[in-house]
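I opened the notebook to record what I looked up in this model. The entries below keep to a metal site and a sheet.

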Amino acid sequence: MQDPVADLLSFIDRSPTPYHAVATAVALLEDAGFMRLEESDVWSVAPGDRRYVVRGGSLAAFEVGTAPPAEAGFRIVGAHTDSPNLRVKPAADVRAHGYSQLAVEPYGGVLLHTWLDRDLSLAGRVVVRDGAGLKTELVDLERPVLRVPSLAIHLNRELNQEGLKLNAQQHMAPVVGLSEKISLARLVGDALSGKRARKATKPVEVLAYDLMTYDTQPAARAGAEGELVLAPRLDNLASCHAALRALLASRRSAAVGRAASTRAIVFYDHEEVGSRSQAGAAGSFLADVLTRAAGAFAAPGAKGRTPEQAFERAAARSWLVSADMAHAVHPNYADRHEPGHRPVLGRGPVLKRNVNQSYATDAESAGLFAALCGEVGITPQHFVARSDLGCGSTIGPISAARVGIRTVDVGNPMLSMHSCREMAAAADVAPMIDVLRAFFASELRPPT
Ligand code: ZN
């Protein structure tokens, strides 16, 4: 791998939507010899097999260990592919006061004001006819075609005293241009025809879409000494990137003596809207993949024998590290953090705790993570929310409840979470990869 920070920036730029994030990850996995499993097929896996599964905007990949999962368990790193943004409504073309606009709605907890005055584009997936069936295609307009213009201060004199009040219905519709001929169908149709090297004879008929806005400004290193990373979707593509790189690196380093446990990553869509979906963490995706991987394990010479209660036995021997970004202390709002629990940018991974189970971390799983950090020479930072502030949540507790696996919630510190353009530290990129790599290599067993 090149410089891990440059690698992260390019991973983010290539992944404007959850579907693109999955495609970016799949390309890297396939380069490393991972092969696709279809959920509609019968699975059979053997030690050393590298497989991946896609369900919508979610992805799971695993490398089968030398021992059956029922005996050695899984080592799983989870993250999420989605980020808050503005998504296009079904009948989206709007003409008003000489402008062409698009009807959009917020997805997840959007920091609305950060989407004003940015050079936005549109990407996502469309569904088209394909012979006797349907086909999903990725689409990305790539160039800046949208803008949500802010209102001049002359027309809103109290703005700086009263604060900016944005109504998601009234104030967030992006301008697409001035011509009356502009239509979403045409923009998307042109992008799809372009993808087909302009040899399309008739226009593509799009049946439906999941389209969303993104900022076209590339991710960048910044700060006086290049210490900062400024990018969209750091929450949570930075964790997807770390998990993926750790899995790919552990594979190379494990060439001498492969791990007994089966190592896996799972990247979920829909975390930002509560995870309750076919592809989300509250759905069956991870449970299905693990159950089938555990049940399909065929030890050499033991053909056709399905291990008994394979998934349940595997789950009791497994660990899940749920990696999602953490709130660093903000220099202008330091009082929003609990004293003694103020993660700082550049000082490495954060262990997240919440006694009310907004995070899945408990003493056992925190102990695992602390031990792994020790192995790679890192001291983890600690986060707990102030007692008088609500606590965010993530895929950790949702997955843990779904699959019954001991889970720890961790993440790299960041600022401007859920902004159109977020901020993290370059120095935190490599340590998270290192500790996740140590996790994949580790055979540390859960306490009994
Ligand atoms: Zn997140």
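My entries follow, beginning with the basis of the values.

I am working with a predicted model, in which local features need pLDDT of at least 70 and side-chain atom pairs count only at pLDDT 80 or more, while totals for chains, interfaces and linings use all residues. Residues are numbered from 1 along each chain as its sequence is written, and side-chain values use heavy atoms, with hydrogens and water left out.

Metal site. I looked up the donors of the zinc ion (N, O and S atoms within 2.8 Å of the metal, or 3.2 Å for Na, K and Ca; water is not among the atoms, so sites may look incomplete). I found His 80 through NE2, Asp 235 through OD, and Asp 324 listed twice through OD, at 2.0 to 2.6 Å. I noted angles of 53 to 141° between the four donor atoms, which makes the arrangement irregular; four donors count as tetrahedral if all angles lie between 85 and 135 degrees, four count as square planar and six as octahedral if opposite donors are over 155 degrees apart and all others between 65 and 115, and anything else is irregular.

Burial. I checked two of these residues against the cut-offs (buried under 20% relative accessible area, exposed over 50%, partly exposed in between, with a 1.4 Å probe and protein chains only). Asp 235 counts as buried at 2%, and Asp 324 is buried at 4%.

Sheet. I then traced an open sheet of five strands (DSSP E runs of at least two residues, numbered from the N terminus), whose order is 11-12-20-19-15 with mixed pairing, where pairing needs at least two DSSP bridges.

Key:
Helices (H or I, at least four residues) and strands (E, at least two) are DSSP runs, numbered from the N terminus.
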